[in-house]
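Visitor: I would like to know how the labels on a structure are earned. Could you go through them with me?

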Amino acid sequence: LSLDLLGVIIVALMFLCLSAALAVPVSWYWRRRLSPRQPLRSDTDKARRMETFLRALPEGLFLSDREGRLLWCNSRARELLALDRTDFQLGGEVLTLVQRAAHSRQLEVHELSPASGARLQLRVLSQQQAGSDKHSVGGIVTDVAEQRHQEELYRHLIRNMWHELKTPLVIVSMHISKMRQLPNEDAETRAASLDVMESEVERLTNLTSNILLLSRLESEEPLHLEPVNIGALAEQEVISLLGLAEQKGIRVSIQSALQLPRIQADRGWLRQVFANLVGNAIKHCPSGTQVEVRLASENKDIAIEVADNGPGIPEDDLPHLFEKLYRIQKEGTRSTQGSGLGLSIVKKIVERHGGEITVKSKVDAGTTFVIRLPAGEGKLTN
Ligand SMILES: Nc1ncnc2c1ncn2[C@@H]1O[C@H](COP(=O)(O)OP(=O)(O)O)[C@@H](O)[C@H]1O
Ligand SMILES: [Mg+2]
């Protein structure tokens with residue numbers, strides 16, 4: 001063999017080895033480029049994790065063809081659209097919307113009102129499948145009953161709030177015009193008008209400050225928690241109301257267990273609870289009523305009761321008592337100075353402290369508000 005021939009053989013062998021070494025990664029690369037539908041193991045894992053996530057969503061999700069045949073859906077979609085496990089065909093309003101989306105190629109939104117009384121929002125969008133001219137339609141079904149209920153409550157509140165703010169303003173402006181036309185010497189009518197105006201301004205001030213308190217509570221403004229001796233705090237609050245109670249001929253007393261655990265609470269907000277409940281009893285009960293504030297320790301809770309033997313609250317009103325602006329209208333009166341926000345403020349404060357409030361009442365027998373607050377650390381006060 002000549003040296004030249006040996007050289008050619010060696011170069012040819014080297015070329016063969018190199019191509020064999022390159023063949024594996026190159027073929028792997030092209031296989032992956034040419035068939036993207038064949039996912040890698042990690043892609044399969046990702047898809048599986050994604051599917052688990054989609055299945056757990058509180059929204060119903062589905063994928064169908066343009067004729068409404070289901071390709072995939074999570075169990076929430078089956079539940080909300082009342083589809084059996086064996087149902088693979090959409091129908092009714094859902095099908096109409098799927099067909100409309102397939103036609104318009106735009107996001108279609110519609111609110112469904114199924115016979116079950118639920119409120120469902122359906123959003124569907126049609127999309128061309130990758131690498132084909134076929135279209136599939138993706139849908140999201142959301143239960144909007146709670147959201148619609150909250151919106152209705154909010155609209156109702158704004159209407160009532162508007163009314164509550166407007167009425168005193170109208171009354172005050174009426175009295176101003178009346179006073180302008182009064183002869184100077186009519187001091188008696190002038191004084192009567194001033195009294196009405198004063199009381200309406202007081203009502204307005206009370207309402208606006210209560211709106212502010214409620215919005216602070218609802219904005220989740222942080223509480224300033226510290227260990228509080230609740231017995232001492234209740235006593236201070238009762239003492240500060242004794243003058244008012246005496247003016248109305250109402251007796252207020254306090255009964256507290258000797259040793260109550262200190263609770264983690266916001267002193268300022270907790271004062272509002274006693275001021276509102278004892279204040280209500282003084283405001284809404286007639287002369288001669290007895291009001292008692294009772295504090296006890298029960299298991300790991302503090303039990304607080306504010307009880308009176310006043311006129312009581314009709315049974316029909318009890319479920320609404322803690323609603324914003326709810327007042328019990330006494331016939332022929334424009335109620336008292338109340339804003340109707342006091343009890344909703346109390347409820348919110350109690351809930352923000354991890355507690356709960358209930359009411360027991362009987363007409364002509366009296367009313368008892370019962371609060372349970374968690375005692376937290378359980379350290380004993382004196
Ligand atoms: N101790 C009570 N006895 C009788 N009625 C009460 C008592 N506490 C509250 N109420 C009734 O509940 C309504 C709502 O109370 P609240 O939210 O504090 O509003 P208000 O600003 O009118 O006091 C009051 O208008 C009143 O009719
Ligand atoms: Mg009140």
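**Labels and their reasons**

Guide: Begin with helix α4, residues 92–104, which lies across β1 (60–65), β3, β4 and β5 (135–143) and runs at about 170° to β3. Keep in mind that this is a predicted model.

Visitor: What makes β2 and β3 the edge strands?

Guide: The sheet has five strands in the order β2-β1-β5-β4-β3, and it is open. Strands β2 (70–73) and β3 (108–112) each pair on one side only, and that makes them the edges. Neighbouring strands in this sheet are turned by 20° against each other on average, ignoring direction.

Visitor: How do you know that β3 and β4 pair?

Guide: Two strands pair if there are at least two bridges between them. β3 and β4 (residues 120–128) have five bridges, in the antiparallel sense, so they count as paired. One bridge partnership is that of L112 with L120 in β4.

Visitor: And what makes β1 and β2 a pair?

Guide: The cut-off is at least two bridges, and three bridges join these antiparallel strands, so β1 and β2 pair as well. F62 stands opposite C73 in β2. The hairpin of β1 and β2 has four residues between the strands, and G68 there takes a positive phi near 85°.

Visitor: Why is S126 called buried?

Guide: S126 lies in strand β4. Buried means under 20% relative accessible area; S126 has 6%, so the label fits. Leaving out residues up to four places away in sequence, S126 touches A101, A102, R105, H135, S136 and V137.

Visitor: Is E200 buried or exposed, and how do you know?

Guide: E200 belongs to helix α6, residues 187–218. Its relative accessible area is 7%, so E200 is buried, the limit being under 20%. From C-alpha to C-alpha, E200 and L225 are 36 Å apart in space, with a separation of 25 residues in sequence.

Visitor: Why is I9 called partly exposed?

Guide: I9 is in helix α1, which covers residues 3–34. Partly exposed is the range between the buried limit of 20% and the exposed limit of 50%. I9 has 39% relative accessibility and therefore takes that label.

Visitor: Which residues form a nonpolar patch with I9?

Guide: The patch on the surface consists of L5, V8, I9, L13 and L16, with about 470 Å² of accessible area together. Patch residues need over 30% relative accessible area, and I9, at 39%, therefore passes that cut-off.

Terms used:
Residues numbered from 1 in each chain as written. Chains lettered and ligands numbered in written order. Predicted model: local features only at pLDDT ≥ 70, side-chain atom pairs only at ≥ 80, totals over all residues. Heavy atoms only, no water. Helix = DSSP H or I, 4+ residues; strand = E, 2+ residues; numbered from the N terminus. Axes fitted to C-alpha atoms, helices over the stretch in contact; angles between N-to-C directions. Contact = heavy atoms within 4.5 Å. Buried < 20%, exposed > 50% of the residue type's maximum accessible area, 1.4 Å probe, protein only. Patch = residues over 30% accessible without salt bridge, like charges linked within 9 Å, V, L, I, M, F, W, Y side chains within 5 Å. Areas by Shrake-Rupley, 256 points an atom, 1.4 Å probe, with all protein chains shown as cover. Salt bridge = Lys/Arg side-chain N within 4 Å of Asp/Glu carboxyl O.
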